[in-house]
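Welcome, and please open your viewer before reading on. We will go from one selection to the next, with a word at each stop on what is there.

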Amino acid sequence: MAGNTFGQSFRITTAGESHGPGNVVIIDGVPPGISLTVEDLQVDLDRRKPGQSKIVTQRKEADEPEILSGVFEGRTTGTSLAILIRNQDQRSRDYGNIKNLYRPGHADYSFDAKYGFRDYRGGGRSSARETTARVAAGVVAKKIIAEAFGGLVVGYVTQVGQIKAEIENPGEVTLEQVEKLPNGEANIVRCPDFEAADRMIELINECRKAGDSIGGAAEIVATNVPPGLGEPVFDKIKADFAKALFSLPAVLGVEYGIGFGCVTMKGSEHNDLFTSEKQNGANEDGERKIVTKSNRHGGMLGGITTGMPIVLRAAVKPTSSLPIEQETVTQTGEDATIQTKGRHDPCLLPRFIPMAEAMIAIVLADHWLRWQGQTGQG
């Protein structure tokens, strides 16, 4: 199957299926000397893994990573880095009775149309289970951008169904706000508007009890990104961000900055006005940096970063696998009904956040390394 590699200077290649032995990622382009342990990888894998709360799938996977190559004495060697995450709690028997049926909302029919054969157990290669490998690669990318320019990527849920969060300043949302409530308990829906988070959880539970699911939206913000990353034509960094997010399962829409809000605006309303401000720690006569008074451009102009926070949003569809009866057809086109057994998320958003963060970090690491090669600073 083609299309398993993403990136240029920081390049990941993944393999694995939902109900196979495991998922693996090979990462090329990792600079030598980056501190990396399995404990580092485990943090984001735990944020992604199933069974972490009552509002996600109850499949039980430890998602313990194994570093197969590219690390010696706790540091990257600069050679290919390989990471394996084994599957442990597959229940393939849950899919035996639907192997000849097409599940609504799934890639069953399109896989058959393309290959004439498919792994019907849990979606095979198109399952979100393969994102374990991406999340592991994202941890490496986060380390690269943090060390290179203090880059930080934070994602959070902004909407579930009709319930919308109020986020006044995306660039100031912290990982702690996403992961923890004020009382120290886990923020299981990963929304930093805590009042909205409570209502989101109620809605998700209502859908789960009804045998249904619900969609929503996530926002991903990258801060401390220097100006100058990206290319002006085909390799615009916004285009790579879009490809990265659209490559994730269940994403139906991507926007950045003001996004589709621009369609009702005049140019004078939409333009972000330039100004300058003191560099951190500089005196009044010190070097000043160029900034904009607002950030409707979402940190990118002409496909190149401006130094303002990068703000992206992704629309995520409701989970397609439902225990309620739905109409479908067999592989031979005969009318049938289907009920999908197994363990599935009533809402994908809480576990989507570390997946989206990983893909944005991978794009940033890739473009940073490419920029260093172009400017001779590498």
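What follows is a walk through helices, ring pairs, salt bridges, cores and hollows.

**Before you start**

You are looking at a predicted model, in which local features need pLDDT of at least 70 and side-chain atom pairs count only at pLDDT 80 or more, while totals for chains, interfaces and linings use all residues. Residues are numbered from 1 along each chain as its sequence is written, and side-chain values use heavy atoms, with hydrogens and water left out.

**Stop 1: helix α1**

Select residues 38-48, which make up helix α1. Helices here are DSSP runs of H or I with at least four residues, strands are runs of E with at least two, and both are numbered from the N terminus. Which residues of α1 are buried? They are L41, Q42, D44, L45, R47 and R48. Buried means under 20% relative accessible area, exposed means over 50%, and partly exposed is in between, using a 1.4 Å probe and protein chains only. Now add β4 (65-69), β7 (81-86), α3 (131-149), α4 (175-179) and α8 (349-375) to the view: the buried residues of α1 pack against these elements.

**Stop 2: the nonpolar core**

Next, show F10, I27, V140 and L364. These are the residues with the most contacts inside the largest nonpolar core, which has 72 residues. Such a core is a set of buried Ala, Val, Leu, Ile, Met, Phe, Trp, Tyr and Cys residues joined through side-chain atoms within 4.5 Å. Helix α8 gives the largest share of this core, 14 residues. In soluble globular proteins, nonpolar side chains tend to be buried together.

Centre on F10 and list its contacts (heavy atoms within 4.5 Å). Leaving aside neighbours within four places in sequence, F10 touches residues including I27, V30, V140, I144, I362 and L369. A second, separate core has 6 residues, among them Y156, V173, V221 and V311.

**Stop 3: rings between α3 and α8**

Select F149 and W368 and measure between the rings. They form a tilted aromatic pair, 5.0 Å centre to centre with 55° between the planes. The rule takes rings of Phe, Tyr and Trp (its six-membered ring) with centres within 6.5 Å; planes under 30 degrees apart are stacked, over 60 edge-to-face, and the rest tilted. This pair links distant parts of the chain, with F149 in helix α3 and W368 in helix α8, 219 residues apart. Are these rings buried or exposed? F149 counts as buried because its relative accessibility is 15%, and W368 counts as buried at 15% too. Add W371 to see the cluster that ring pairs make of F149, W368 and W371.

While you are on helix α8, pick H367. H367 is buried, with a relative accessible area of 2%. Beyond its neighbours within four places in sequence, H367 is in contact with L229, G230, D235, I237 and D240.

**Stop 4: salt bridges**

How many salt bridges does a search of the whole structure find? There are 22, each a side-chain nitrogen of Lys or Arg within 4 Å of a carboxyl oxygen of Asp or Glu. Try these three:

- D108 and R103 meet at 2.8 Å, N to O, and both are buried.
- R351 and D345 meet at 2.9 Å, N to O; both are buried.
- R199 and E195 meet at 2.9 Å, N to O. They are 4 residues apart in helix α5 (residues 194-209), so about one helical turn separates them. R199 is partly exposed at 35% relative accessibility, and E195 is partly exposed at 47%.

Then select D44, R47, K142, E179, R190 and E357, which salt bridges with shared partners join into one network.

**Stop 5: hollows**

Keep D108 selected and add A107, F111, R118, D119, G123 and S126: together they line the largest cavity. Its volume is about 40 Å³. On a 1 Å grid over the protein atoms alone, a cavity is a set of points where a 1.4 Å probe fits but cannot get out; a pocket is an open set with protein on both sides within 12 Å along at least five of seven lines, and lining residues have an atom within 4 Å of a point. Grid points are joined across faces, edges and corners, and a volume is the space filled by probe spheres set on the points.

Finish at the second largest pocket, with a volume of about 410 Å³. Of its 18 lining residues, N224, V225, E277, K289 and G307 are the closest to the centre. The largest share of that lining, 3 residues, comes from β13.
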